[in-house]
Amino acid sequence: MKQTSLSYRFKRIRTFIPYFMGIVGMLFFFGCKTPKLAEADRRFGIGEYYEASQMYRKIYNRTSPKKRELRAELAFKVGESNRLINNTAKASGGYQNAIRYHYPDSIVYLQSGMMQLKAGRYGDAAKLFDIYLENHPNSELAVQGKKSTEVAPEWKKKPSRYEVKRMDKFNSRRSEFSPMFAGKDQDQLYLTSSREDAKGENKSAVTGLKFNDFFLVKKDEKGAWQSPEVIQDNINSEFDDGVCSFTSDGNIMYFTRCLVNQEKPQSAQIYTSSRSGAKWSDPQKLKIFRDTTWVVAHPSISPDGKYLYFCSDIGNGYGGKDIWRAEMEDGIVVAVENPGPEINTEGDEMFPYIRENGELYFASNGHPGMGGLDIFKAVQDENGKWTVRNMRPPINSSADDFGITFETGKEKEKGFFSSNRGDARGSDHIYSFELPSLTVEVEGWVVDKDDEPIPDATIRVVGDNGSIYRTMSRKDGRYRITLERGTDYVMMASCIGYMNGHQKLSTSSEEKNQSYPADFILASISKPVLIENIFYDFDKATLRPESKTALDELIKLLNDNPHVTIELGAHTDLKGSEQYNLNLSDRRAKSVVDYLIKGGIDPERLTSRGYGKSEPKVVNKKLAEQYNFLHEGDVLTESFILNLTPEQQEIANQINRRTEFRVLKTTYKLF
C-alpha cells in the first residue's frame, strides 16, 4: 500500500525499494530482526516514512555501538526515511552515521552528497560525490551532482534579476505548495496545504501531518490578496488532494489525488472536475495508463487544451519520475509521449507547468542545480528540440523549489512558486516572484549654439528593429525616451527656426538598467552661428590641422540638412588696417569653403565673405557668463576694447576673430 502525502511523496520517492530490499537481505545476514525492527521495515515498505523514521531512531539509540554492522544499517534507514519526508538535517545525520559505521553499500555516499548539496554545503557534497564516482563513474546523478557543486556557488554570486518575496499572508506553520491561478481569472489562486484548517481529521503516517487539501485565495476589492480558505466542495476528500491545473476558461480542473486502501497498493492518480456555477462536480479519474500502481501526478493542461503534461514513474522512462505529455481530444487521452532526455534524467522531473507562450517549466534534481529540486525553463524550437535552462537564484535555492505559476496578460513577468528554503522542518511555503522591467533610456537637452534651451523641439528615434519613437522637448529643453536593449538607433531633433540635428546610438544587450546621454545643439537659421575651434596660421588664410574636427562636424550638419545654403563669414580683430583685414578675412572664408567642397558639399550651397573688423561681436549670455568683465549686449568695438586691461583686450580681440555661418535659404533643390 502506497499512502504517501503529496507534499513529500511526489518530491522524494524514486528508487527506495531496491535499497530497502537490500537492507532487508543484509539484516537477515546479520541476524533475525526484532519485532520492532520488523514493524519499522513494514512501515517503511508501505511508505509510512514518518512513523518508520521515529522507530528506526529509537532502535538505533538502543543498539550497542559494538554492533557496528547493525548500527550502520539502522543509520542508513534513518537517513532514507528522513530524506523521503524532506527532513534534510536528520537525513544528513543518518547518512553520516552510516558512513562512520562503514555502511557497505557506496550508495550512502551518493545520498549523503545529495543532502549536503541540498544544505548548500557544496565542498562537502563534492567530496562525497567523488567517492561514489570512484566505484560508479557512469552515474549520471553523481556526475550532475558534482557539476552542481561547481556551478551553484557561481550562480549565487551572479543571481538573476528576479525579485522573490515570501508570501506570509498565504503561509502557515505547515506546508503550502503548488499555487495555481484559476485559468484566466487572476484574482483567484488555488494552493495545496496540510495546515490545520484542512477538512480531514486524520493525520498521515508518512509525515505526521494532516492530509493535504485545496485552499482558495482571493483578492479583495482593492486588489489585495486575502488569507487562504479551505474549499468545501468535494474536490477535497479524506485523502491527499492537490497540485491542480485549469483549462483557460477556468471551468475544468485537473488535479492529483492519493487514495488509501488497506487491501491493495494505491498510487497517485489524476482526476478531473467541472465547475457548475460556484461548485465543482464529483471528481472522475482520468484514464492515462492501465496500470494504476504507477504514479501519475502533477497535471498541467496547455492553454489550448490539446496537451496534458504530468509526471510519472512508469518503467519505460529515463529514471525516477519523468515529465510526460498526453495528447487530448474532448478531455480524453488519445496518445502519450515522453519529451525525451533533454527534459528527463535519471533523477526526478516533476511539477510541470506549461505557460501560455508555450514555455515549459518543471522541477528537477537530475539536472545541474542549486541542490534539491530546482525550477527549470524549457523552450522548444521549430524542430521540436528542447533547450533547458536553470532559473538560478533567487528563484532557486539549495532547498526544494518547485510548483511555479505565472500571471497571464501582464506587462511584467510575475507569479508564485513554492519552496522549503529556510524551514528547518522542511515545510513548503509560497513565494512570489517578479522580473522588474529593464529601463533603457536616452535623455538629454535640446539647446542652441549659445546653450539656450529649445522647447517644443521634436525628437524622433528609429531603431534597426523597426521601432519608432517620438517625443517633444520640455520648456527647459530636456527630453527622455525609453528604448530597447541591443538595438541600433538613428536620432533626429528638429524645430522651427533651427537646422536639424542627427545622432546615432547603439544600446547594449546586457541585462541591466541603462541610461544614455544624447544632447542636440541646433543651429539657428535666423542668426549667425559661430563655428568654434577654427584656427589659421598667423596672418594667413591657411587652415591649421586642429580645425578639421569642427569643419567635419559642419559637413555632417550640411549633409543632415540638404536643402540649406549658407554663407561662410570670417571676421578679424581690430589690429591692422581695414583693407588688410578685409582681404585676410575674405581669404580665410574661402579656405573654409574649399574644405567643405573637398568634403563633398555642393559649391552652389556655399558662399564666402570676409567682413574684416566691420562687424564686432555682440556679447551674448554665454560669453557674459564666461567672462566677468563682459555683460550681455556689450559690443566689442575698438573704443570698448581700448578701455579694457591688456589681458582683457586680448580676450576681446580673440572673441572678435571668428568664423561664422548664416543660413541663406532652406529650399535648395526642394522644388
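Strand 8 and strand 9 (residues 279-280) pair in the antiparallel sense over two bridges, where two strands are said to pair if DSSP finds at least two bridges between them. Helices (H or I, at least four residues) and strands (E, at least two) are DSSP runs, numbered from the N terminus. The model is a predicted one, in which local features need pLDDT of at least 70 and side-chain atom pairs count only at pLDDT 80 or more, while totals for chains, interfaces and linings use all residues. Residues are numbered from 1 along each chain as its sequence is written, and side-chain values use heavy atoms, with hydrogens and water left out.

**Strand 8 and its partners**

Within the pairing of strand 8 and strand 9, Ser276 stands opposite Lys279 in strand 9. These two strands form a hairpin with two residues between them, and Gly277 in the turn has a positive phi of about 70°. Strand 8, which covers residues 269-276, also pairs with strand 7 (residues 252-258), in the antiparallel sense and over six bridges; here Thr256 stands opposite Ile270 in strand 8. Strand 10 (residues 284-285) is a further antiparallel partner, joined to strand 8 by two bridges, and Thr272 stands opposite Gln284 in strand 10.

The table sets these pairings beside others in the chain.

| Strands | Sense | Bridges |
|---|---|---|
| Strand 7 (residues 252-258) and strand 8 (residues 269-276) | antiparallel | six bridges |
| Strand 8 and strand 10 (residues 284-285) | antiparallel | two bridges |
| Strand 17 (residues 374-380) and strand 18 | antiparallel | five bridges |
| Strand 26 (residues 488-494) and strand 27 (residues 501-506) | antiparallel | six bridges |
| Strand 30 and strand 33 (residues 658-665) | antiparallel | two bridges |

**Other sheets and hairpins**

An open sheet of four strands, with antiparallel pairing, has the order 15-16-17-18. Strand 15 (349-354) and strand 18 (386-390) stand at its edges, each with a single partner strand, so one side of each is left without a neighbour in the sheet. On average, and with direction ignored, neighbouring strands of this sheet are turned by 25° against each other. Where strand 17 meets strand 18, the bridge partner of Gln380 is Trp386 in strand 18.

Further along the chain, in the pairing of strand 26 with strand 27, Met492 has His502 of strand 27 as its bridge partner. The hairpin of strand 26 and strand 27 has six residues between the strands, and in it Gly497 takes a positive phi near 95°.

Another open sheet of four strands shows mixed pairing and has the order 30-33-31-32. Its edge strands are strand 30 (529-530) and strand 32 (606-612), each of which pairs on one side only. In the pairing of strand 30 with strand 33, the bridge partner of Leu530 is Glu660 in strand 33. Helix 11 (residues 578-598) packs on this sheet, touching strand 31 (565-571), strand 32 and strand 33, and the direction of helix 11 makes about 155° with that of strand 32.

**Packed helices**

Two packed helices are described by the angle between their axes and the distance between the axes. Axes are lines fitted to C-alpha atoms, for helices over the stretch in contact, and angles run from 0 to 180 degrees between N-to-C directions; contact means heavy atoms within 4.5 Å.

The axes of helix 4 (residues 49-62) and helix 5 (residues 68-84) come within 9 Å and cross at roughly 155°. Helix 4 and helix 5 are therefore roughly antiparallel to each other (angles under 35 degrees count as roughly parallel, over 145 as roughly antiparallel, 65 to 115 as roughly perpendicular and the rest as oblique). In their contact, residues of helix 4 including Tyr49, Tyr56 and Tyr60 meet residues of helix 5, among them Leu74, Lys77 and Val78.

Helix 6 (residues 88-100) and helix 7 (residues 107-118) pack at an angle of about 145°, with their axes 9 Å apart. The contact involves, among others, Ala91, Tyr95 and Ile99 of helix 6 and Val108, Tyr109 and Met115 of helix 7.

**Salt bridges**

The structure holds 41 salt bridges, a salt bridge being a side-chain nitrogen of Lys or Arg within 4 Å of a carboxyl oxygen of Asp or Glu. In one of them, Lys77 is joined to Asp41, with the closest N and O atoms 2.2 Å apart. This pair links distant parts of the chain, as Lys77 lies in helix 5 and Asp41 in helix 3 (residues 35-45), 36 residues apart.
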